[in-house]
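Colleague: I would like to go through this model with you, one question at a time. Please give the reasoning first and the value or name last.

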Amino acid sequence: MEEIQKRDIRKLSLAELEEFFLAQGDKKFRAKQVYEWLWNKSLKNFDEMTNISLPTRELLKKHFIINHILVDLMQHSQDGTIKNAVKLYDDKIVESVLIPTSKRITACVSSQVGCSLDCNFCATARLKRMRNLNADEIYDQVVAIKDEAETYFQRPLTNIVFMGMGEPLLNYSNVIDAIEKITSPEGLGMAPRRITLSTVGIPKMIKKMADDGVKFNLAISLHSAINATRSRLMPINDKSPLEDLAEALSYWYEKTKRKVTYEYVIWAGINDDEQHAKALAKFCKIIPSKVNIIQYNPIDEGEFRQASPEAVAMYVLILENHGIIAKVRKSRGQDIDAACGQLANKNEVAELTKI
Ligand code: SAH
């Protein structure tokens, strides 16, 4: 008997699935039924597709497999944050985080296994970039957190941030594909304005997003509006300095009319002086924007230390004097290494994916 090379069915678009059914002499609408089971209902087994006839299920089993992630380890923080170690079909591991607040439940998801960007203050940067996540692997992280929100908090998932491991704009097509599924009625039907993509700021890709007319929010990990300092923190800045980023952001605003958020950590002795605060205020005038001042989450005993509360207050005052909204964000999930930049710190993920 001819051996069929089985494909991962979730790599197929709805249109490709329709083609498959038509080629098999079946009805086109069958594709939509199956697609909804796969995405909206997140089924992992063809036998559970109860509105699909037995012979059709057998046909699907003959041609396809359904790959899925597995939450391998779940850690609960004292503040309610949950960190998942997510095992992928090839046994690689990424992390995702559920962050509860009184108003929201946010899923923080990974887009790559490891990261290639070498930001000096980030634990994920210590891992080699091993591969991009597929769209379904990103989507499944969201579904897992949605289920955890319902199980542990009896509340719906409200927001999604691409602030886990990896650089989403270096895995653009899979990230966009995942977001399409998250927002489509056959998927999770979530509103794009509840999704935020966070990036080191790759100018070419920011322009591409603007051209593609994306509807989600954009956050830029800025950390310094002075080139010399930013390059020291984030080597990507040598390749794409602030002038290029500024130009791409102007293009973004011109096309989308959407504000951006700048993520900003203030470190003692690095960017905690007035000169840096004023440079940030100036950068914020390029296009409408707001600033999230995030607390530094220590990753080791290295050179980086959180700035003093006085330095943070000085920044807030200078930004406010320039009419810029600045919010100081509390760190979440630090006790389980689930906070920003701590993913892959200390635990077995570091062991598994280390160079
Ligand atoms: N690559 C993307 C998304 C992942 S990082 C990006 O760079 O935006 C998510 C956020 O956490 C970024 O703003 C990043 O700069 C920040 N971050 C990284 N390490 C951190 C740390 N140790 N403490 C606080 N924030 C950190």
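Modeller: Start with Cys 122, and keep in mind that this is a predicted model. The relative accessible area of Cys 122 is 17%. Because buried means under 20%, Cys 122 counts as buried.

Colleague: In which loop does Cys 122 lie?

Modeller: The loop can be named by the two strands around it. Cys 122 lies between β7 and β8. Cys 115 has its place there too, with β7 covering 112–113 and β8 covering 131–132. The answer for Cys 122 is the loop between β7 and β8.

Colleague: Is Cys 115 buried or exposed?

Modeller: The cut-off for buried is under 20% relative accessible area. Cys 115 has 12% relative accessibility, so it counts as buried.

Colleague: Which residues does Cys 115 touch, not counting those up to four places away in sequence?

Modeller: Residues up to four places away in sequence are left out of this list. Among the residues that remain are Thr 124, Leu 127, Lys 128 and Arg 129. The list also includes Gly 166 and Glu 167.

Colleague: Which residues does the UniProt annotation "binding site" cover?

Modeller: This comes from an unreviewed UniProt entry. Two of the residues discussed above, Cys 115 and Cys 122, are included. The full set is Cys 115, Cys 119 and Cys 122.

Colleague: How far apart are the end C-alpha atoms of residues 101–335?

Modeller: UniProt, in an unreviewed entry, lists residues 101–335 as "domain: Radical SAM core". The span is 38% helix and 17% strand. Its end C-alpha atoms lie apart by 17 Å.

Colleague: What covers the buried residues of α6?

Modeller: Helix α6 runs over residues 203–212, and its buried residues are Pro 203, Met 205, Ile 206, Met 209 and Ala 210. The cover over them includes two helices, α5 (172–183) and α9 (242–256). It also includes the strands β10 (195–199) and β11 (217–221).

Colleague: Which residue with a positive phi follows α6?

Modeller: The phi in question is near 65°. The residue that follows α6 with this value is Gly 213.

Colleague: Is His 223 buried or exposed?

Modeller: His 223 is found in the loop between β11 and α7 (227–233). Its phi is positive, near 65°, in a residue other than glycine. With a relative accessible area of 4%, His 223 is buried.

Colleague: And Lys 257, is that residue buried or exposed?

Modeller: Lys 257 lies in the loop between α9 and β12 (260–265). Lys 257 is not a glycine, yet it has a positive phi of about 55°. Exposed means over 50% relative accessible area. At 55% relative accessibility, Lys 257 counts as exposed.

Colleague: Why is the protein chain said to be as compact as a globular protein of its length?

Modeller: The chain holds 12 helices and 14 strands. For 355 residues the globule rule gives 20 Å, and the chain is close to that, so it is as compact as a globular protein of that length; its radius of gyration is 22 Å.

Colleague: What share of the contacts between residues at least 6 apart in sequence joins residues at least 24 apart?

Modeller: Buried residues make up 55% of the 355 residues. Among the contacts you ask about, the share joining residues at least 24 apart is 66%.

Methods:
Residues numbered from 1 in each chain as written. Predicted model: local features only at pLDDT ≥ 70, side-chain atom pairs only at ≥ 80, totals over all residues. Heavy atoms only, no water. Helix = DSSP H or I, 4+ residues; strand = E, 2+ residues; numbered from the N terminus. Rg over C-alpha atoms; globule rule 2.2 N^0.38 Å. Buried < 20%, exposed > 50% of the residue type's maximum accessible area, 1.4 Å probe, protein only. Contact = heavy atoms within 4.5 Å. UniProt positions renumbered as here; feature names shortened; annotations may be inferred.
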